[in-house]
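This report looks at two helices and asks how their residues are divided between the inside and the outside of the fold. Please read it with the structure open.

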Amino acid sequence: MKISQSFEDYLESIYILEISGQKIKSVSVAKMLNVTKAAVSKAMKELLDANYIVKTPYSELELTENGRNIAKTIYHRHVVLRNFLVDP
């Protein structure tokens, strides 16, 4: 399945929240991406259906192994690009 830029943003945001040790809730993702909770809810349903995330009993989000691998790749690609563009 080809992942859209939007879904890449959602996966990367969840990954960033995960590595920062925060509990991952839809509202946290909405704040991070500056989108509505409804938009996040719709995207999370699609990511859940694609098996990139799971929801815990307390409505926390977790990346699946596949979702984490994709998110990690996206995150590291962005870090490399940022360092290339910012550092002389």
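Which exposed residues does the face of H3 turned away from its buried side carry? In this predicted model, that face carries Ala38, Lys42 and Asp49. The buried residues of H3, for their part, are Val40, Ala43, Met44 and Leu47. These four lie on the same side of H3, because they cover an arc of only 105° around the axis. Packed against the buried residues of H3 are helix H1 (5–19), helix H2 (26–33), strand S1 (53–55) and strand S2 (61–63). After H3 comes Asn51, whose phi is positive, near 65°.

Helix H4 can be described in a similar way. Its buried residues are Gly67, Ala71 and Ile74. They line one face of the helix, since they fall within an arc of 65° when seen down the axis of H4. Glu65, Thr73, Val80 and Phe84, in contrast, are exposed on the other side of H4. The cover over the buried residues of H4 includes H1 and S2.

The lengths of both helices can be set against the span expected at 1.5 Å a residue.

| Helix | Residues | Number of residues | Span between end C-alpha atoms | Expected span |
|---|---|---|---|---|
| H3 | 37–49 | 13 residues | 18 Å | 18 Å |
| H4 | 65–86 | 22 residues | 31 Å | 32 Å |

For H3 the reach from first to last C-alpha is close to the expected value, and for H4 the distance between the end C-alpha atoms agrees with the expected one.

Definitions and conventions. Residues are numbered from 1 along each chain as its sequence is written. This is a predicted model: local features need pLDDT of at least 70, side-chain atom pairs count only at pLDDT 80 or more; totals for chains, interfaces and linings use all residues. Side-chain values use heavy atoms; hydrogens and water are left out. Helices (H or I, at least four residues) and strands (E, at least two) are DSSP runs, numbered from the N terminus. The expected span of a helix is 1.5 Å times one less than its number of residues. Buried means under 20% relative accessible area, exposed over 50%, partly exposed in between (1.4 Å probe, protein chains only). The arc is that of the directions from the helix axis to the C-beta atoms. Contact means heavy atoms within 4.5 Å.
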